[in-house]
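Me: I'd like to go through this one piece by piece. Can you keep the answers short?

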Amino acid sequence: MKLGFKTFLVILVSLVLITGTVFSVTNLRFFFPVQVAGALAVLMDGVVADFNSEHPDIFVEPIYSGNYDQTMQKAVTAAQGKNPPDVALLLAIDIFSLLDMNLIEDMDQFLVGEDANFTEPFYAGFLENSMIDGVTWSIPFQRSTPIFYYNKDHFREVGLDPENPPKTWEELLEAAKKLTIKDSRGNVTRWGFEDITDDTWTIQAWILQAGGKYANETGTESYFDTPEVVKAVEQWTYMTNVERVMPRHRSYGAASQDFVAGAASMMFNSTGSLSFVKSSATFDFGVAPLPGEAKTAVPTGGGNLYIFKGIPEENKEAAWTFVKWLSKPENSARWSIGTGYIPVRKDAFETEALKEFAEGFPYILVARDQLDVARREMAFHSNSQIREVFLTTLQNILDERVPISAGLKQLQEEVEMILAPFKQ
């Protein structure tokens with residue numbers, strides 16, 4: 001039930017008249033990364049309304065502030081203007097930037113007493129981006145991993161087993177070659193495979209699978225010129241520019257649209273796309289773990305809950321009450337069912353709501369099982385700047401404006417210069 005501010009005031013006045021008692025209410029501002037009119041805003045409205053109903057001494061106002069980058073910018077601007085949000089859902093990988101600006105409270109101060117073991121039920125892979133040097137700075141909430149989607153009808157059409165999706169890079173390439181359709185002039189009319197090349201997330205899966213890594217745990221070292229990173233980028237360029245079974249450029253939304261339209265037979269995309277694909281695909285599709293190489297691995301992604309500095313002490317306590325409530329197993333399950341994101345804690349899968357949902361949509365369990373091989377997402381100090389340099393390099397390589405080895409060598413040098421101040 002949605003509880004609007006006016007309704008809340010009416011209830012508050014009524015309680016005062018009935019009891020003759022005036023009690024204080026702590027107001028919280030919650031920055032959330034979604035457009036105001038979006039479906040997620042409607043869902044979050046209901047979640048927050050339920051919290052407000054259960055906690056008459058706290059009133060949370062959700063503030064919908066655009067995408068993740070826009071919400072981060074608004075939160076930082078507000079905090080630096082001495083008017084910080086109390087709670088914000090921001091990218092897990094924003095942790096170093098927020099710490100460098102001294103904007104967030106550590107969560108360890110709340111993880112005492114009855115909450116000392118609060119994070120134990122959470123998946124370890126989701127917690128990796130929350131902690132630095134043993135200190136917890138954020139709580140996972142809206143999290144995801146890349147996952148493999150494939151069109152079973154297309155598999156049957158070209159003689160592939162729809163119940164046996166590719167499990168290695170080689171099998172993925174061979175399947176993509178069979179599934180790609182080109183016209184008499186060689187123009188692709190159906191892509192065998194699409195990956196998200198307009199971002200730096202899914203390439204991290206290829207790097208991990210090649211046996212490599214991209215950053216150290218403290219965000220001060222990069223490894224972009226290693227043989228494993230070269231191997232991962234070589235596989236991308238081979239599929240795009242040699243075999244031409246994968247387009248050079250695709251965003252998350254465009255890849256999902258191509259897949260449900262039948263213009264692509266396989267794709268890597270976020271588990272957050274599960275709900276869209278489920279509601280939009282008019283064909284038989286499958287979901288599976290990403291194919292591996294030297295190892296099987298995926299990076300985590302998505303947003304965590306942060307409590308900001310510069311707010312009154314009573315707001316800090318109320319903010320923790322809100323964060324703790326949002327993280328309850330039934331609320332984690334509710335958010336997963338409504339969005340397609342993965343529940344962040346294991347006991348969410350024991351709730352009746354998620355059990356019933358999984359019976360009708362077992363692919364959510366594939367996403368859960370893949371968490372066994374989930375690893376921290378790439379995160380650095382000056383993370384947004386490094387992501388931009390990394391993406392530009394990948395685009396230049398895919399567009400054949402620079403050779404792979406030279407591009408990655410220059411990338412490593414640029415990132416080392418950016419990180420130099422943080423090594424002192």
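Me: How many bridges join strand 7 to strand 10?
Reply: Five bridges join strand 7 (residues 146–151) to strand 10. The two strands run antiparallel. Keep in mind that this is a predicted model.

Me: Which residue stands opposite Pro 146?
Reply: Ser 270 in strand 10.

Me: Is strand 10 buried or exposed?
Reply: Five of the five residues of strand 10 (residues 266–270) are buried, so strand 10 is largely enclosed by the rest of the structure.

Me: What sheet does strand 10 belong to?
Reply: An open sheet of three strands, in the order 10-7-11, with antiparallel pairing. Strand 10 and strand 11 (285–288) are the edge strands, and each pairs on one side only. From one strand to the next, the twist averages 30°.

Me: What holds strands of a sheet together in general?
Reply: They pair through backbone hydrogen bonds, either parallel or antiparallel.

Me: And how many bridges are there between strand 7 and strand 11?
Reply: Four, in the antiparallel sense. Tyr 149 stands opposite Val 287 in strand 11.

Me: Which helix lies across strand 7 and strand 11?
Reply: Helix 15 (residues 363–370). Helix 15 runs at about 20° to strand 11.

Me: New topic. How many residues does helix 2 have?
Reply: Helix 2 (residues 39–54) has 16 residues. Its first and last C-alpha are 23 Å apart, close to the 22 Å expected.

Me: Which of its residues are buried?
Reply: Among them are Leu 43, Met 44, Val 47, Val 48 and Phe 51 of helix 2.

Me: What covers them?
Reply: The cover over the buried residues of helix 2 includes strand 1 (26–32), strand 2 (58–64) and helix 12 (313–326).

How values were computed. Residues are numbered from 1 along each chain as its sequence is written. This is a predicted model: local features need pLDDT of at least 70, side-chain atom pairs count only at pLDDT 80 or more; totals for chains, interfaces and linings use all residues. Side-chain values use heavy atoms; hydrogens and water are left out. Buried means under 20% relative accessible area, exposed over 50%, partly exposed in between (1.4 Å probe, protein chains only). Two strands pair if DSSP finds at least two bridges between them. The expected span of a helix is 1.5 Å times one less than its number of residues. Contact means heavy atoms within 4.5 Å. Axes are lines fitted to C-alpha atoms, for helices over the stretch in contact, and angles run from 0 to 180 degrees between N-to-C directions.
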